[in-house]
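Me: I'm new to reading protein structures. Can you walk me through one, feature by feature?
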Amino acid sequence: MTRMTVVADRELCVGAGRCALTAPAVFTSDDDGLVAVREPQVTDDHRAAVTTAVSLCPAQALRIDPPTSA
Ligand code: SF4
């Protein structure tokens with residue numbers, strides 16, 4: 001299975017919550033309204049939603065690391 005890793009930079013996050021709306025299985029918001037990653041190892045099932053969430057983040061706070069084979 002091919003996986004990718006998503007990384008969130010909470011220093012950049014402005015708490016818009018768009019990622020949690022776009023890919024709720026992978027992202028959520030903490031009590032401060034900032035992004036929290038539920039599962040950094042993204043499976044193929046969530047790849048499209050995570051890619052969309054990364055592109056929609058207004059703060060460029062999300063990054064996808066290169067895919068790795070697992
Ligand atoms: S979309 Fe970006 S700015 Fe908004 S909560 Fe997610 S990581 Fe933070």
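Reply: Sure, let's start with a cut-off: a residue is exposed if 12 or fewer other C-beta atoms lie within 10 Å of its own, and buried if 20 or more do. Now try it on Pro58: it has 10 other C-beta atoms within 10 Å, so Pro58 is exposed. Keep in mind that this is a predicted model.

Me: Where is Pro58 placed, and what is it in contact with?
Reply: Pro58 sits in the loop between α2 and β5. Leaving aside neighbours within four places in sequence, Pro58 is in contact with Val14, Ala16 and Arg18. You can also compare positions along the chain with positions in space: Pro58 and Asp44 are 14 residues apart along the chain, and their C-alpha atoms are separated by 24 Å.

Me: Which other residue is found in that loop between α2 and β5, and is it buried or exposed?
Reply: Gln60 is found there too, in the loop running between α2 (44-56) and β5 (62-69). Gln60 has 11 other C-beta atoms within 10 Å, so it is exposed. Check its backbone as well: Gln60 has a positive phi of about 50 degrees, although it is not a glycine.

Me: How do I read the order of the elements in the protein chain?
Reply: Begin at the N terminus and list helices and strands as you go. Here that gives β-α-β-β-β-α-β, which comes to two helices and five strands.

Me: What about a residue in a helix, say Thr22 in α1?
Reply: Residues that fall between the two cut-offs count as partly exposed. Thr22, in helix α1 (residues 18-22), has 19 C-beta neighbours inside 10 Å, so it counts as partly exposed. Not counting residues up to four places away in sequence, Thr22 touches Ala49, Thr52, Ala53 and Leu56. Thr22 and Val54 are 32 residues apart along the chain, with their C-alpha atoms separated by 9.4 Å.

Me: And Arg47 in helix α2?
Reply: Use the same steps. Arg47 belongs to helix α2 and counts as partly exposed because it has 18 C-beta neighbours inside 10 Å. Leaving out residues up to four places away in sequence, Arg47 touches Met4 and Val42. Arg47 and Val6 are 41 residues apart in sequence, yet 9.9 Å apart in space, C-alpha to C-alpha.

Me: Which residues have the most contacts inside the largest nonpolar core?
Reply: To find a core, look for buried nonpolar residues that are joined to one another. The largest one here has 14 residues, and Cys19, Ala53 and Leu62 have the most contacts inside it. β1 (2-8) and α2 each supply at least two residues of this core. Take Ala53: apart from neighbours within four places in sequence, it is in contact with Arg18, Cys19, Thr22, Ala23, Phe27 and Leu62.

Me: How do I judge the protein chain as a whole?
Reply: Compare its radius of gyration with what a compact globule would have. For 70 residues that would be near 11 Å, and the protein chain has 11 Å, so the two agree. Its C-alpha atoms fill a box of roughly 35 × 20 × 20 Å along the principal axes. Of the 70 residues, 20% count as buried. Among contacts with a separation of 6 or more, 65% come from residues 24 or more positions apart.

Me: How many residues surround the ligand, and which are the closest?
Reply: There are 14 residues around the ligand, and the closest are Cys13, Ala16, Cys19, Val35 and Cys57. Sort the shell by class and you get eleven nonpolar, two polar and one charged residues.

Technical notes. Residues are numbered from 1 along each chain as its sequence is written. This is a predicted model: local features need pLDDT of at least 70, side-chain atom pairs count only at pLDDT 80 or more; totals for chains, interfaces and linings use all residues. A residue is near a molecule or strand if its C-beta atom, placed from the backbone, lies within 6 Å of it. Ala, Val, Leu, Ile, Met, Phe, Trp, Tyr, Cys and Pro count as nonpolar, Asp, Glu, Lys and Arg as charged, and the others, Gly among them, as polar. Helices (H or I, at least four residues) and strands (E, at least two) are DSSP runs, numbered from the N terminus. The radius of gyration is taken over C-alpha atoms; the globule rule is 2.2 Å times the number of residues to the power 0.38. Two residues are in contact if their C-beta atoms, placed from the backbone, lie within 7 Å. A nonpolar core is a set of buried Ala, Val, Leu, Ile, Met, Phe, Trp, Tyr and Cys residues joined through C-beta atoms within 7 Å.
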